[in-house]
Amino acid sequence: MSEGRRAYSRAVERTEKMPAETRPPGVATVDPGSVLLPGHDVPLGRYTTVRRLLPQRQRRLVGAWCFVDHFGPDDVAERPGMEVPPHPHTGLQTVTWLLDGEILHRDSLGNVQPIRPGQLNVMTSGHGIAHSERSPAQHPPLMHGVQLWVALPDPARAGEADFAHHAELPRWRDDDLDVTLLVGELAGERSPAVVHTPLLGAQLEPRGPAPATLRLRPDFEYGLLAMSGAADVDGVALTPCALLYLGTGRERLTLRGEPGSRLLLLGGTPFDEPLVMWWNFVGRSHEEVVAAREDWMAGHRFGVVADDPAPPLPAPALPTTRLKARDRSGGVHG
Ligand code: MN
C-alpha cells in the first residue's frame with residue numbers, strides 16, 4: 001500500500017468512528033465532526049475520466065454546490081482534450097476553474113470565450129441555456145481542473161440566462177497560505193462572480209511547513225478537496241479523490257499542505273430545498289425535468305450554440321420510474 005493510500009485508509013477509519021448524523025432530513029443544524037467521502041470515477045466521452053465528488057449518496061450538497069467533478073491532470077498533448085458538444089442546462093450555474101489547459105466555451109447567448117488557468121467562467125442557466133466546451137485545436141499538453149454546479153434558488157432558477165468570464169480574481173497571501181477567491185467573500189475580499197445564495201469557493205495553497213488557519217462562518221457548511229497534493233486538515237489526511245465534508249458551526253480551519261498542494265474550499269448556507277437532478281437539469285419535480293428534456297429534444301427554450309463543430313447531444317432516455325427529489329443529506333422526498 002502506498003503512503004498516500006495508507007493515510008487515506010487511516011483518515012477513513014478515523015472519520016467512520018465519528019457519530020452518524022441523526023438530524024432529520026432537510027433540517028439545518030450543527031453537523032458533528034467531519035466526514036471523508038471518497039469520490040468515484042465517471043467516464044466522460046472517449047478519453048476522459050473524471051472524479052465525481054458531489055453528489056454522493058449520503059451527501060448531495062455543500063451549501064448550494066450540487067455537483068463537483070475533478071478532472072486531470074491528464075496528458076492531452078496527442079489527444080483532442082475536452083470535447084463536450086452542445087448540451088442544455090436549467091436551474092443551475094456552472095463554475096469552471098482550470099489548473100492546467102485551455103477550454104473554449106460557446107453558448108446559446110452567443111458568447112465565445114476561452115478560459116485559462118487562474119480565470120473563472122460562471123454560466124447561469126436560469127430557465128435555460130445551452131453550451132459546448134472544447135479544448136482548442138492548439139492546446140497545452142495538460143488538462144486539469146474542476147467543474148462545479150450551483151443549484152439556483154427561486155426566482156433565479158426561472159430567470160434570465162447569463163454568462164460571465166472573470167479574468168481577474170482577488171488573490172492574497174496570508175501567513176502560511178495563498179488564497180484565490182473564486183466565489184463569495186472571505187477575509188474582507190469579495191469575488192466579482194454573481195451568485196444567488198450565500199456561497200464560498202476559494203483555492204487554498206498552503207505554503208507550510210507551519211499550519212495555516214482560516215476563519216470560517218459558523219452558519220456555513222464546508223467541503224474541502226485536494227486538486228493536487230495532499231493536506232492535513234484539522235488532523236484528517238486529505239488526498240485527491242475525496243471530499244472532506246465539514247459541517248456547520250466551525251469558526252476556523254487549520255491546514256497543513258505538502259509543498260505545491262492546491263485545495264478547493266467550498267461552502268455556503270445549507271440549501272434545504274429537495275432537488276431533482278437528472279442529466280444536465282436541476283429541478284424540483286419529475287414533471288419539471290421531463291418538460292426540460294422535451295423542450296431540449298424539440299429545440300425549444302435552450303437556444304442554439306452557433307459554430308460548434310458537432311451536433312447537439314441528444315438527451316438520454318428517462319428512467320422508467322419517477323425521478324425522486326432528494327434533500328442535501330440524500331433523503332428521498334415524493
Ligand atoms: Mn455543461
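Let us start inside the sheet, where R106 has S132 in β10 as its bridge partner. This is a predicted model, and that pair is a good place to begin a walk through its strands, its metal site and one of its helices.

**Strand β7 and its partners**

R106 belongs to β7 (residues 103–107), a strand in which five of the five residues are buried, so β7 is largely enclosed by the rest of the structure. In general, side chains in a regular strand alternate between the two faces of the sheet. Here both faces of β7 are covered: I103, H105 and D107 are buried on one side, and L104 and R106 are buried on the other. The strand pairs with β10 in the antiparallel sense, through four bridges. Four bridges also join β7 to β8 (residues 112–115), again antiparallel, and in that pairing H105 stands opposite Q113. The hairpin of β7 and β8 has four residues between its strands, and G110 takes a positive phi there, near 100 degrees.

**Strand β6**

Next comes β6 (residues 92–100), where eight of the nine residues are buried, so this strand too is largely enclosed by the rest of the structure. It has antiparallel pairings with β11 and with β9. The table sets these beside the pairings of β7.

| Strand pair | Bridges | Residues standing opposite |
|---|---|---|
| β6 and β11 (residues 142–151) | eight, antiparallel | T96 and Q147 |
| β6 and β9 (residues 120–124) | five, antiparallel | V95 and V122 |
| β7 and β8 (residues 112–115) | four, antiparallel | H105 and Q113 |
| β7 and β10 | four, antiparallel | R106 and S132 |

**The manganese site**

Strand β10 takes us on to the metal. The protein donors of the manganese ion are the NE2 atoms of H87, H89 and H131, which lie 2.1 to 2.2 Å from the ion. Along the chain these donors follow the spacing H-x1-H-x41-H. Distant parts of the chain are linked in this way: H87 sits in strand β5 and H131 in strand β10, 44 residues apart. Both H87 and H131 are buried.

**Helix α2**

The strands that carry those two histidines turn up again beside α2. Buried residues of this helix pack against β5 (83–89) and β10 (129–134), as well as β25 (276–278) and β26 (281–283). The buried set is H286, V289, V290, A292, R293 and W296. Seen down the axis of α2, these residues fall within an arc of 160 degrees, so they line one face of the helix. The length of α2 also fits expectation: at 1.5 Å a residue, its 13 residues (286–298) should span 18 Å, and the end C-alpha atoms are 18 Å apart, which agrees. After the helix comes G299, with a positive phi near 80 degrees.

**A buried arginine in β3**

One more residue deserves a visit. R52 is found in strand β3 (residues 48–54). With a relative accessible area of 17%, R52 counts as buried, because the cut-off is under 20%. Its side chain makes a polar contact with the side chain of D69, at 2.8 Å. Leaving aside neighbours within four places in sequence, R52 is in contact with G39, H40, V42, F67, V68 and D69.

Terms used. Residues numbered from 1 in each chain as written. Predicted model: local features only at pLDDT ≥ 70, side-chain atom pairs only at ≥ 80, totals over all residues. Heavy atoms only, no water. Expected span 1.5 Å × (residues − 1). Buried < 20%, exposed > 50% of the residue type's maximum accessible area, 1.4 Å probe, protein only. Arc of directions from axis to C-beta. Contact = heavy atoms within 4.5 Å. Donors = N, O, S within 2.8 Å, 3.2 Å for Na, K, Ca; no water. Polar contact = N/O pair within 3.5 Å; in protein donor to acceptor, adjacent residues only side chain to side chain. Pairing = 2+ DSSP bridges.
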